[in-house]
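Welcome! Please take a moment to turn the model around on your screen before reading on.

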Amino acid sequence: MGALSGVGVGRGIAVAKVLRMPEPLAPPSDEPLAADAGAEHERVREALEGVAHELQARAAAAGGDAQQVLEAAALMAQDPAILDDVRARLDGGANAERATWDAYGAFRDMLTAMGGYMAERATDLDDVAQRVVARLRGVAAPGVPQSDEPFILVARDLAPADTATLDLERTLALVTEEGGPTSHTAILARSKSLPAVVGVVGLLSAVADGQRMIVDARAGTVVLDPDDASVAAALAEGESRAAASSAPITEGALADGTKVPLLANVGSPKDAPAAVALGAEGVGLFRTEFLFLDSSSAPSVEAQTAAYTELLQAFPGKKVVARVLDAGADKPLPFLNDAHEENPALGLRGIRALRATEQILRDQLTALANAQAATEAELWVMAPMIADVEETEYFVGLGRELGLRTVGAMAEVPSIAVVADQVLEVADFVSIGTNDLTQYTLAADRQLGSVAAFQDPWHPAVLRLVGMLGEAGAKAGKPVGVCGEAAADPALAVVLVGLGVTSLSMSASALADVRAELLTVTLDEARERAARAVAALSAAGARAAAAA
Ligand code: PEP
Ligand code: MG
């Protein structure tokens, strides 16, 4: 029995046998074709046909979005233009693996150069090429493995393409050697309510297919080859946690009755029904970019009014916090700012970009005020990336001028925490965007894998900034919420409340786990955990200290 640890996602427990995701294949050798060319042609033809059949069969079994992805991949394995290229390369003396690899590689480069949707499909060609080469070699194909039994998926990391074919019926948990709390695997696990532990150093060298494993997402640990007593204890604890998470929906609260409203993050009005069904007490972050991102000019006031009204109508009498357009950096929007910037995350983005094109902001605030007047929801409006009290005064002034009742600031730039007392004199509320706050506090681009380890909201520096905002909110008697991914981490949610945060907003799928976890502590206990976490020396140290 051996244990390894990493970063847990969620609070569930899973016990099952491991299935490992095969490693990507090494590139084929450049050895010229030694065998008879006719026989190589035949081997490649058989391999391509086999891959196409296998993908078609999986498509038929999958249904939904996965079916389309797999059917498209099956067609790629039979594409006549690619086949011609493979044959030409074989005739030119390349070996079968090399000819296939290079032919698919050439098409992938062509699609990548086309940009947009075509470029997004480019990695699917790599996947098909890997499958064909695996067949030629007689080894397991890369990609998500299939099984008739429930299993725990162990991988280096999951790519977006892998997730379309993940069998959610049989995958009980995800465990990866790489990736952090904001990695694709972690986001997937959160959105599907799957227990996961990511960033488990030493995992791949310690685990083999078929080995039994306990995954404890709350503890961030995996136990290999557990004895029967440990398995029985884990299953019992897992059942009790699952029962707590599926308990009847109540308002968010701590064990001592302290209320902590639990709200949902939504990206468009169509997310509202799921949020309501999962017990969201309102919306803590309505990302309004959906209306803007696919258009070449700002949508009209009428179109915006209709969309905002549709969302607000789903929450009569409840709070809905709308964020005005957050363009720039990870959400580029050419009609707002098309200047080339060396460091767009430090450039004209968020409130700065809106201020530079004030009419777009005025139109959006007008549409939000129209929706406020037309519905029963309690609309709060906030601006992204507010840095100080001057920007707060600008935004709050404009919001009030245009008829909005509750106007606040998002805390994403570290400076706002330092002057939180000044900001909270002017703003009606603050909502902390921990994704950007972490990015800027640790100077680590949230889109860059090489610095993903720094993108951890458990870092004591981030927690201390949250604490400064919480304290200023308490002094001013104004709400300070969190709407970044951090709120969806049950253990961190407790710490945030201990730091003075008054509401939590997250993807609706995380609500049940956070609700259950909050009920396990009193406010005093949450404060004790927070005090231990901010005194820690690292993000990992803070996690461990909070759990101790
Ligand atoms: C954040 O930065 O934490 C946030 C909620 O905003 P977004 O993720 O949309 O930038
Ligand atoms: Mg943000």
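Here is a short tour of two ligands and three selected residues. Keep in mind that this is a predicted model. We begin with the magnesium ion, which is ligand 2, then turn to ligand 1, whose shell takes in 14 residues. After that come Tyr 440 in helix α19, Asp 216 in strand β7 and Asp 167 in a loop.

**The magnesium ion (ligand 2)**

- Two residues coordinate the magnesium ion at 2.0 Å: Glu 412 through OE and Asp 436 through OD.
- This pair brings together distant parts of the chain, since Glu 412 and Asp 436 are 24 residues apart.
- Glu 412 belongs to the loop between β13 (406-411) and α17 (414-418), whereas Asp 436 is part of helix α19 (residues 434-441).
- Glu 412 has a relative accessibility of 2%, so it counts as buried, the cut-off being under 20%.
- Asp 436 is buried too, with a relative accessible area of 2%.

**The surroundings of ligand 1**

- Which residues come closest to ligand 1? They are Arg 287, Lys 331, Glu 412, Gly 433 and Asn 435, out of 14 residues that surround the ligand.
- You have already met Glu 412 as one of the residues that coordinate the magnesium ion.
- Sorted by character, the shell around ligand 1 holds seven charged residues, four polar ones and three nonpolar ones.
- Both β10 (282-287) and α19 supply at least two residues each to this shell, and α19 gives the most, with three.
- An oxygen atom of ligand 1 is 2.9 Å from an N or O atom in the side chain of Arg 446.
- For Arg 323, the distance from a side-chain N or O atom to an oxygen atom of ligand 1 is 3.0 Å.
- The backbone takes part as well: a polar backbone atom of Gly 433 is 3.3 Å from an oxygen atom of ligand 1.
- How much of ligand 1 does the protein bury? Taken alone, the ligand exposes 290 Å², and the protein buries 98% of that.

**Tyr 440 in helix α19**

- Tyr 440 is found in helix α19, the helix that also holds Asp 436.
- Is Tyr 440 buried or exposed? Its relative accessibility is 16%, so Tyr 440 counts as buried, under the 20% cut-off.
- The side chain of Tyr 440 reaches the backbone oxygen of Ala 345 at 2.6 Å.
- Tyr 440 and Ala 345 are 95 residues apart along the chain, yet their C-alpha atoms are separated by 8.9 Å.
- Leaving aside neighbours within four places in sequence, Tyr 440 is in contact with Ala 345, Leu 346, Arg 349, Met 385, Glu 412 and Pro 414.

**Asp 216 in strand β7**

- Asp 216 sits in strand β7, which covers residues 212-216.
- With a relative accessible area of 14%, Asp 216 is buried.
- The side chain of Asp 216 reaches the backbone nitrogen of Ala 219 at 3.1 Å.
- Not counting residues up to four places away in sequence, Asp 216 touches Gly 12, Ile 13, Val 197, Thr 221 and Arg 241.

**Asp 167 in a loop**

- Look for Asp 167 in the loop between α7 (160-164) and β5 (171-176).
- Although it lies in a loop, Asp 167 counts as buried, at 17% relative accessibility.
- The side chain of Asp 167 reaches the backbone nitrogen of Glu 169 at 3.1 Å.
- The side chains of Asp 167 and Arg 170 are also joined by a polar contact of 2.8 Å.

Methods: Residues numbered from 1 in each chain as written. Chains lettered and ligands numbered in written order. Predicted model: local features only at pLDDT ≥ 70, side-chain atom pairs only at ≥ 80, totals over all residues. Heavy atoms only, no water. Helix = DSSP H or I, 4+ residues; strand = E, 2+ residues; numbered from the N terminus. Buried < 20%, exposed > 50% of the residue type's maximum accessible area, 1.4 Å probe, protein only. Polar contact = N/O pair within 3.5 Å; in protein donor to acceptor, adjacent residues only side chain to side chain. Contact = heavy atoms within 4.5 Å. Donors = N, O, S within 2.8 Å, 3.2 Å for Na, K, Ca; no water. Near = heavy atom within 4 Å. Areas by Shrake-Rupley, 256 points an atom, 1.4 Å probe, with all protein chains shown as cover. Nonpolar A, V, L, I, M, F, W, Y, C, P; charged D, E, K, R; others polar.
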